[in-house]
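This report describes selected features of one protein model, beginning with its metal sites and continuing with helix packing and the nonpolar core.

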Amino acid sequence: MGLLSEGRPLSWPETKKNAHIVHKVGIQQFLSLYHKHKDRKDTLKWGDEVEYTLLKFDDKTERVQLSLMGPHILNTLQVPENSDPVHHQSKWRPEYASFMIEGTPGATPYGGCYLHFNIVESNLKLRRQQLAEMLEGTGTEAMSLTGFARFGCPGFTTPEHDPKEDNAASLSLFFPDSAIWSGHPRYRTLTRNIRERRGDNPAINVPVFKDKHTPSPFVEEFPTDVRGTAARGALPDHIYMDCMGFGMGLSCLQVTFQACDVDEGRHLYDQLSVICPILASLAASSCIYRGMLSDLDSRMNIIEASVDDRTEEERGLKPLKEDRYVIPKSRYSSIDCYLANKDYNDKEVVYNKEAFETLKKGGVDDLLAQHIAHLFVRDPISLFAEKLKQSSDSETDHFENIQSTNWQSMRFKPPPSHDSPIGWRVEFRPLDLSLTDIENAAFVVFVVLVSRAILSFQLNFYIPMSKAEENMRRSQLRDAVNSQKFYFRKSVVPEDEEEAKDHPPQSHDHEYTEMSINTIINGKDEFPGLIPLVRMYVNSVEMDVDTRCTVLNYLRFISKKASGELMTTASWTRKFVSSHPDYKQDSVVSEKITYDLYKEMKMISNGEKPCPEVTGNLVSKSPDKYKVLDCPPPKAEK
Ligand code: ADP
Ligand code: MG
Ligand code: MG
């Protein structure tokens, strides 16, 4: 997660005092990257990122806890990448919490050939295997989960820590600082500075799932902390959480694409952002918070609130006096504006005026300048004393500082440095994790294929930004796949010129309608559906039989998820809890239910037990398929 600078982290008051330097130099750094790389051409490359969660099972006491071993295993996991920078097959990075660890494919990103679609699963398996080997004999399992049912319940970590005595950074009632990644000061600094900037603890309120015996209204009693101010933000009928860790402790699946140039990157950013809520609802897998069933199925809103560092003035609760902007959303959220077509940007975008002017004067067009300047309404929230003085044209830390703490559903990434071989990239970030490697591989490959279909067939998914944002809200609701409709374009293939002339250019209302996920993915009547479009793409390229078989298998899986034939991981989790003999229909997920739930999930993840309700008939590939370096040299993509 983001930039890891070395050195002494500054306090919030010191960071605030120096924020103007980060803003000023950061914009110059972007400008200089932009001019250096604006004309470069690259080839398609892509890769996934998985954040794993470490769980420790105690079969005697029938308890499962989050293991804080992450920082202790990282160095050993990194031995292959450090000893063979060219051929290693996985990379490991720290994540927000000590019970997390991030793994990505190795030295070579995917993309050179279609065969790569066939090795995503094997590489995911390899990573899981590496973790398993590392954890052997410790009773600890690495699982691809989005969240842990009993985050913030007493004793949810091992070793156990009491948040009352261990919360200097978070001031949380529930989440001890020791659960935050201990290997680098960045994460505690972020936690403290977000809270201090906001002027209070973040207030995360997730609607509770009201079952037959859930008290109504549902009101929890909380202990007061030393300041006597605890739980001030708690709302009735909600599960309350109070620090960054509750959001950033949730893991996800990300896919990064390298575009052939800056314009293609902007185009892909826009088009894929419309797909974010659709796929988020299919991948939904997080529905239990602090030991209670919630009414949401995926993680976005929770993280959004967990890092909401806006002051009262910025939230519009007080007139602007100290601060400069009223900002509608948290720094973690769905995107605010399209990058390649302003016609659909129907929401006011709040941006840093000086940054915008500097970018315009520096030769950046309005839309891109607005995007970068809107990231720069946020202050830096982690700053290191030794890194304050930076060059505007050979370093990038200040730009990266702001960029990497704007956590949006999509991220537009310039090349990382002035002399980097890596090009313009976009990152797709809305997906919750699935339990098995094959499901995660299916989601990754599907997103990549959608991106290929977008470019090959010039697909157009634009809908007004306000509608895309509403889709994001709906995508997280309970059983969104079956219970919600989503705004989507009626026609996604390039429009007939004559047809376009019939409508005034300003109005886009005739272009979209509300559709079910099933229609969007599988098509209906005139509307082709994403799967048939992706199939057309697959049929239009020369793909070997084995890879095609893998890909079609994945497409069938996504198709069945969309039709409701297969359950989401979240729906399956709800079903498991509600049919557990200990469950009292009161929304409470006890320690024993949690233990049984993760035992079951562990067996499913490891392939010891099938879960056809969720995975259908996905057939796993054998691990020896992993041979990324044997691919022929990259062929130019259409
Ligand atoms: P961040 O944490 O900032 O999102 P990471 O460096 O952790 O970024 O992840 C990079 C992801 O991008 C990985 O999935 C990796 O495989 C992929 N990747 C690396 N190089 C390229 C490239 N040139 N083009 C596209 N994807 C790349
Ligand atoms: Mg990463
Ligand atoms: Mg990432």
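Which residue bridges the magnesium ion (ligand 3) and the magnesium ion (ligand 2)? The bridging residue is Glu 49, and the two ions lie 3.6 Å apart. The model discussed here is a predicted one.

## Magnesium ion, ligand 2

The magnesium ion (ligand 2) is coordinated by the OE donors of Glu 49 and Glu 102, with Glu 102 listed twice, at 2.0 to 2.8 Å. Glu 49 belongs to strand E1 (residues 45-58) and Glu 102 to strand E4 (residues 100-105), so this pair ties together parts that are 53 residues apart in sequence.

Both donor residues can be classified by accessibility, for which buried means under 20% relative accessible area. Glu 49 has 14% relative accessibility and therefore counts as buried. Glu 102, at 6%, counts as buried because of the cut-off as well.

## Magnesium ion, ligand 3

The protein donors of the magnesium ion (ligand 3) come from Glu 49 (OE, listed twice), Gln 254 (OE1) and Glu 427 (OE), and they lie 1.9 to 2.6 Å from the ion. Along the chain, these donors follow the spacing E-x204-Q-x172-E. Gln 254 is located in strand E9 (residues 253-258) and Glu 427 in strand E15 (residues 425-431), so the pair ties together parts that are 173 residues apart in sequence.

Gln 254 counts as buried, with a relative accessibility of 7%. Glu 427 also counts as buried, at 2%.

## Packing of helices H7 and H13

Helix H7 (residues 262-283) packs with helix H13 (residues 465-475) at an angle of about 5 degrees, and their axes are 8 Å apart. Angles under 35 degrees count as roughly parallel, and H7 and H13 are therefore roughly parallel to each other.

On the H7 side, the contact is made by Cys 276, Pro 277, Ala 280 and Ser 281, while H13 contributes Ala 468, Asn 471, Met 472 and Ser 475. By class, the contact of H7 with H13 has five nonpolar and three polar residues, with no charged ones.

## The largest nonpolar core

The largest nonpolar core has 183 residues, of which Phe 428, Phe 446, Phe 461, Phe 488, Ile 521 and Tyr 598 touch the most other members. Helix H12 (residues 437-457) supplies the largest share of this core, 13 residues.

What does Phe 461 touch, not counting residues up to four places away in sequence? The contacts of Phe 461 are Gln 271, Val 274, Ile 275, Val 450, Ile 454, Phe 488, Arg 489, Val 492 and Leu 530.

Notes
Residues numbered from 1 in each chain as written. Chains lettered and ligands numbered in written order. Predicted model: local features only at pLDDT ≥ 70, side-chain atom pairs only at ≥ 80, totals over all residues. Heavy atoms only, no water. Donors = N, O, S within 2.8 Å, 3.2 Å for Na, K, Ca; no water. Helix = DSSP H or I, 4+ residues; strand = E, 2+ residues; numbered from the N terminus. Buried < 20%, exposed > 50% of the residue type's maximum accessible area, 1.4 Å probe, protein only. Axes fitted to C-alpha atoms, helices over the stretch in contact; angles between N-to-C directions. Parallel < 35°, antiparallel > 145°, perpendicular 65-115°, else oblique. Contact = heavy atoms within 4.5 Å. Nonpolar A, V, L, I, M, F, W, Y, C, P; charged D, E, K, R; others polar. Core = buried A, V, L, I, M, F, W, Y, C linked by side-chain atoms within 4.5 Å.
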